[in-house]
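Please work through the exercises below with the sequence and the structure at hand, trying each task before reading its solution.

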Amino acid sequence: MQEVRLTLKKRAFPSQGRVRLNIAHLPELGIHEGEHVDLINEATKKSVTTSVIADTMVREGQVRVSEEDLKTLGLNDDDEVLVRKSLHLQEKLSKAAAEANTSISKGVGKLGNAAKKTADEVKSGAAKTADTVKKETKKASVSIGKAATKTVKKVKKTVKKATGTGDDL
């Protein structure tokens, strides 16, 4: 992408959305007068899209910018700014869509990994729970069996006492 770093100079006359730069910079940027450039504050990623006015009176290495655009960028007179040829709207949308697609794909991948991890944890927990239930059921079954055996013995004994027999039980 064609770009150049220039020093900002505040314009004497208000002209928000328009910049003046030396005609020598137009070929570097691959633009013609009247086309658009993006002024980019690299530290904050803030940018402003402006129309270019070619001016031989502006020093090479400088770009004349309105006070409003300076404020929008969060920069001051004599700060450096990245000047880049603006993409057409369709190119900007395509680029934004591609970046969004990449971001979404990464998010889906992370979500898939998290879901798999959670499913594995649930499966492991279910297996442990099933094993615990099996052991406790076995313990309960043995305990109930012992209690039933004791109860049968008591009943036999009571019947034998009451009837004098009990061998037929």
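Contact here means heavy atoms within 4.5 Å. The model is a predicted one.

**Exercise 1.** Describe where Asp55 lies, state whether Asp55 is buried or exposed, and find which residues Asp55 is in contact with, leaving aside its neighbours within four places in sequence.

*Solution.* Begin with the position: Asp55 sits in the loop between β4 (46–54) and β5 (62–65). Next, take the relative accessible area of Asp55, which is 14%; because buried means under 20%, Asp55 counts as buried. Then list the contacts, which, once neighbours within four places in sequence are set aside, are Arg20, Leu21, Asn22 and Ile23. Finally, look at the side chains, where Asp55 makes a polar contact with the side chain of Arg20 at 3.3 Å.

**Exercise 2.** Find which parts of the chain are linked by the salt bridge between Glu42 and Arg5.

*Solution.* The whole structure holds nine salt bridges, and one of them joins the side chains of Glu42 and Arg5, with N to O at 2.9 Å. This pair links distant parts of the chain, since Glu42 is in the loop between β3 (36–41) and β4 while Arg5 is in strand β1 (residues 3–10), 37 residues apart. As for accessibility, Glu42 is partly exposed at 35%, and Arg5 is partly exposed at 44%.

**Exercise 3.** Determine how many residues apart Asp131 and Lys135 are, and in which helix they lie.

*Solution.* Asp131 and Lys135 form a salt bridge, their closest N and O atoms being 3.4 Å apart. Both residues belong to helix α3 (residues 89–163), where they are four residues apart, about one turn of the helix.

Definitions and conventions. Residues are numbered from 1 along each chain as its sequence is written. This is a predicted model: local features need pLDDT of at least 70, side-chain atom pairs count only at pLDDT 80 or more; totals for chains, interfaces and linings use all residues. Side-chain values use heavy atoms; hydrogens and water are left out. Helices (H or I, at least four residues) and strands (E, at least two) are DSSP runs, numbered from the N terminus. Buried means under 20% relative accessible area, exposed over 50%, partly exposed in between (1.4 Å probe, protein chains only). A polar contact is a pair of N or O atoms within 3.5 Å; within protein, one must be able to donate a hydrogen and the other to accept it, and residues adjacent in sequence count only if both atoms are side-chain atoms. A salt bridge is a side-chain nitrogen of Lys or Arg within 4 Å of a carboxyl oxygen of Asp or Glu.
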